[in-house]
Amino acid sequence: MVVSDHMDPDVDFYVPPGSDATDVLNEALQLGNIYGVAHIMIRGRLYLYANGNTLFSLEQSKHYLFEGDGLGELYYVNPNNAQNPGPVFAVASIATSQMQEIGDTAPVVGKQFAAYSTNGWMVAFKNLRLLNQTSQRWFIITGFSGMHSLMMYFDGVEFFSGIWINETTEVVVYNCYANGAELLFDSQSRELTVFGSRFEHNAVLAMSARGWSVVGCVFVGKGSYLNPGNDGNDGSVVACVFDGATLITQGATNLKIVASQFQNVTFSGYQGTVQLTLGWNYVIVGCSFVQFPLSITNVYNGHTIVIAMNNFDYGSYAEIGVCDSGYVDSIVIMGNIFSSQPYNSSLIFFTGSPQYRSTSNAIYFTGTINMLQIAFNTFINAANRSGATLGIKAAENENLHGQGYINLGISVKYAYISFNYFKNNQGLHDNGTGKPLGVFYMQQLGSSMPTVSYLMFYFNVNEDNPLYIPSSQSYISQFNIGM
C-alpha cells in the first residue's frame with residue numbers, strides 16, 4: 001500500500017504536503033489485517049504530528065514492513081505544542097498480555113518455549129529517513145518483558161532520531177546512517193548484527209545484547225560512541241573504523257575486537273580512545289592504533305586479556321589497570337609493534353584501579369596479575385631522534401612514568417618476557433625523571449614497591465637500553481642479546 005504526498009496514479013493513500021499523515025497511516029495499517037502483513041510504501045515526505053500519545057502501536061497479530069519508495073521520509077513534528085509527546089512507533093502491551101494466557105499444560109507450546117521463541121514476529125524499516133523535531137527522545141520504542149520473539153530489520157535507514165529496542169530475538173542493521181541519534185538495543189536483546197553503517201555527529205550505537213557483532217562500521221568524531229553496556233556480553237567488533245570516535249564499555253565480557261582501525265583523520269587535534277572497563281576475556285587482534293590509546297581498567301575477576309598482532313603508533317599506549325584486591329589470571333601481549341616518537345610514546349603500562357564496587361576512587365595498587373606473557377613484540381623509536389616519553393596518570397596524585405618500554409606499577413606472580421626486540425631508544429627519555437628509556441621499569445605506586453615472584457627474560461634482543469629493576473627484585477635472564 002503506497003502512502004504519498006504526491007498524487008501519482010498508483011498511490012493508495014494521498015496526504016497533502018505538510019499535513020498530518022497519522023490517520024492515513026493508521027488506515028493503511030488496518031488494511032494490513034486482511035493479509036497478516038502491513039507493507040507500507042512511503043513516497044516523499046510524510047509529516048507526523050505529535051499528540052501526547054504513541055502514534056502507532058504494533059501488535060503481534062501481523063508483520064510490519066515500512067519501506068521508502070526511493071528514500072521516504074517520516075518527519076515527527078509538534079506544531080500544536082503537545083505536552084510530553086510519545087514515540088512514533090511502540091510495541092503495544094497486548095503482546096505481553098497474550099503471553100500470560102499460555103498455560104503450563106498448553107498442548108502445543110509451553111511457556112518457556114514461547115517466552116524465548118525464535119519463531120519470530122518481524123518489524124522492518126527500509127530506505128527511510130527518520131527525523132524528529134519534538135522533545136521525545138525516541139522515534140521507536142519496544143519494551144515488553146520476557147518475550148525474545150521480536151525480529152527487527154533496518155536496511156538503508158537514515159536515523160536523525162533515536163530508537164530504543166528491548167528484548168528482541170534478532171536485530172539486523174544494514175547499510176544505515178546515524179546522525180546525532182542513539183541506537184540503543186537494551187535489556188538483554190539477542191543476536192544483534194550491525195553491518196556497514198556510519199555513525200557521526202554525536203551518534204551512539206549502544207547495546208546490552210547477549211551475542212552481538214558490529215562489522216564494517218564507521219564511527220566519526222569526538223561525540224560518537226560504540227558503547228556495549230554492562231551486560232553487552234559476547235560481542236565482536238570486526239573491521240570497523242573509529243575516526244576520532246570512542247569505543248567504551250562498562251562491563252562487556254568476552255569482547256573481541258578484530259582488524260579494526262583506530263585513527264584520528266577527519267578531526268585533527270583530538271585523540272580518540274578505547275576504554276574497556278569492568279569486563280574480562282578481552283581479545284584485541286590485528287588492529288591499528290594511531291594516536292589512539294588503549295585503556296583496559298577495573299579488571300577484577302580473573303580470566304584473561306589477549307592483545308596480539310596490533311600496531312601501536314605515535315602515542316598509542318596500552319594501559320591495563322587491575323582493581324585493588326582483584327586479579328587477572330593471565331595477560332598475553334604478543335606479536336605487536338609499539339612505535340614511539342618524542343612526546344608521542346607508545347608504551348605498555350600496568351597499573352591499578354579502585355576496588356570493585358567501592359564508593360571511593362582511591363587506588364592502593366594491591367591488584368595482582370597471576371600470569372604475564374609479553375612475547376614476540378617490537379619496540380622502536382620511529383622518529384630516530386631524541387625527545388621525551390610520557391607516562392600516565394595512575395591515581396589522583398601519582399603518575400606511572402614512561403621510563404621503560406614496559407612499565408610495571410602492580411605486582412605479578414609469573415612474568416615471562418621473551419622473544420622481543422627492544423631497538424635502541426635513540427635518545428628517548430622519560431619526561432618526569434629525565435632517565436633514558438629502558439626495556440623494563442618497576443615503580444613504586446602507593447605504599448610499597450610492586451614485586452614479581454618469578455621474573456624471567458628469555459631470547460630477547462636489546463640494543464643498549466637500560467633495565468630498571470630494584471635491587472630487592474630477583475630475576476632470571478638467559479639466552480638474550482644485550483640484556
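## A first stop: Tyr 475

Let's start at a single residue: Tyr 475 has a relative accessibility of 41%, so this residue counts as partly exposed. Keep in mind as you look around that the model is predicted. We will come back to Tyr 475 once its partner has been introduced.

## The chain as a whole

Now step back and look at the protein chain. Its secondary structure comes to 48 strands and three helices, and buried residues make up 56% of its 483 residues. If you trace the C-alpha atoms, they span about 85 × 55 × 35 Å along the principal axes.

How much of the contact in this chain is between residues 24 or more positions apart? Taking contacts with a separation of 6 or more, such residues account for 60%. A single pair can also give you a feeling for distance: Leu 48 and Tyr 282 are 234 residues apart along the chain, and their C-alpha atoms are separated by 44 Å.

## Rings that pair up

Searching the whole structure turns up 35 aromatic pairs. One of them joins Tyr 64 and Phe 66, whose ring centres are 6.2 Å apart. Is this pair stacked or edge-to-face? The angle between the planes is 5 degrees, and planes under 30 degrees apart count as stacked, so this pair is stacked. Tyr 64 has a relative accessible area of 2%, which means that it is buried, and Phe 66 is buried with a value of 2% as well.

Phe 457 and Tyr 475 show another arrangement: their planes are 85 degrees apart, making the pair edge-to-face, with 5.8 Å from centre to centre. This pair links distant parts of the chain, 18 residues apart. Phe 457 sits in strand S46 (residues 452–458), while Tyr 475 is in the loop between strand S47 (461–462) and strand S48 (476–478). The two partners also have their own surroundings: Phe 457 counts as buried because its relative accessibility is 0%, whereas Tyr 475, at 41%, is partly exposed.

Rings can gather in groups too. One aromatic cluster is formed by Phe 199, Phe 219, Phe 242, Phe 262, Phe 289, Phe 292, Phe 312, Phe 338, Phe 379, Tyr 405 and Phe 422.

## Two buried residues and their company

Find Ser 4 in strand S1 (residues 2–4). With a relative accessibility of 0%, Ser 4 counts as buried. A polar atom of its side chain lies 3.3 Å from the backbone oxygen of Arg 43. Leaving out residues up to four places away in sequence, Ser 4 touches Val 11, Phe 13, Tyr 14, Val 15, Arg 43 and Leu 46.

Next, look at Leu 48 in strand S4 (residues 45–49). Is Leu 48 buried or exposed? Its relative accessible area is 0%, so Leu 48 is buried. Beyond its neighbours within four places in sequence, Leu 48 has contacts that include Asp 20, Leu 25, Phe 56, Tyr 75 and Val 88.

## The largest pocket

The largest pocket holds about 260 Å³ of space. It is lined by 14 residues, of which Asn 361, Ile 363, Ala 394, Ala 395 and Glu 396 are the closest to its centre. By class, the lining has six polar, five nonpolar and three charged residues.

Which strands each supply at least two residues of this lining? They are strand S30 (294–301), strand S35 (348–353) and strand S39 (392–395). The largest share, three residues, comes from S39.

## Two backbone surprises

Most residues other than glycine have a negative phi. Leu 278 has a positive phi, near 60 degrees, and its place is in the loop between strand S27 (274–277) and strand S28 (282–285). Leu 278 counts as partly exposed because its relative accessibility is 29%.

Phe 479 is not a glycine, but its phi is positive, at about 60 degrees. You will find Phe 479 in the segment after S48. Its relative accessibility is 58%, so Phe 479 counts as exposed.

Key
Residues numbered from 1 in each chain as written. Predicted model: local features only at pLDDT ≥ 70, side-chain atom pairs only at ≥ 80, totals over all residues. Heavy atoms only, no water. Phe/Tyr/Trp six-rings, centres within 6.5 Å; stacked < 30°, edge-to-face > 60°. Buried < 20%, exposed > 50% of the residue type's maximum accessible area, 1.4 Å probe, protein only. Helix = DSSP H or I, 4+ residues; strand = E, 2+ residues; numbered from the N terminus. Polar contact = N/O pair within 3.5 Å; in protein donor to acceptor, adjacent residues only side chain to side chain. Contact = heavy atoms within 4.5 Å. 1 Å grid on protein atoms, 1.4 Å probe; cavity = no way out; pocket = protein on both sides within 12 Å on 5 of 7 lines; lining within 4 Å. Points joined across faces, edges and corners; volume = space filled by probe spheres on them. Nonpolar A, V, L, I, M, F, W, Y, C, P; charged D, E, K, R; others polar.
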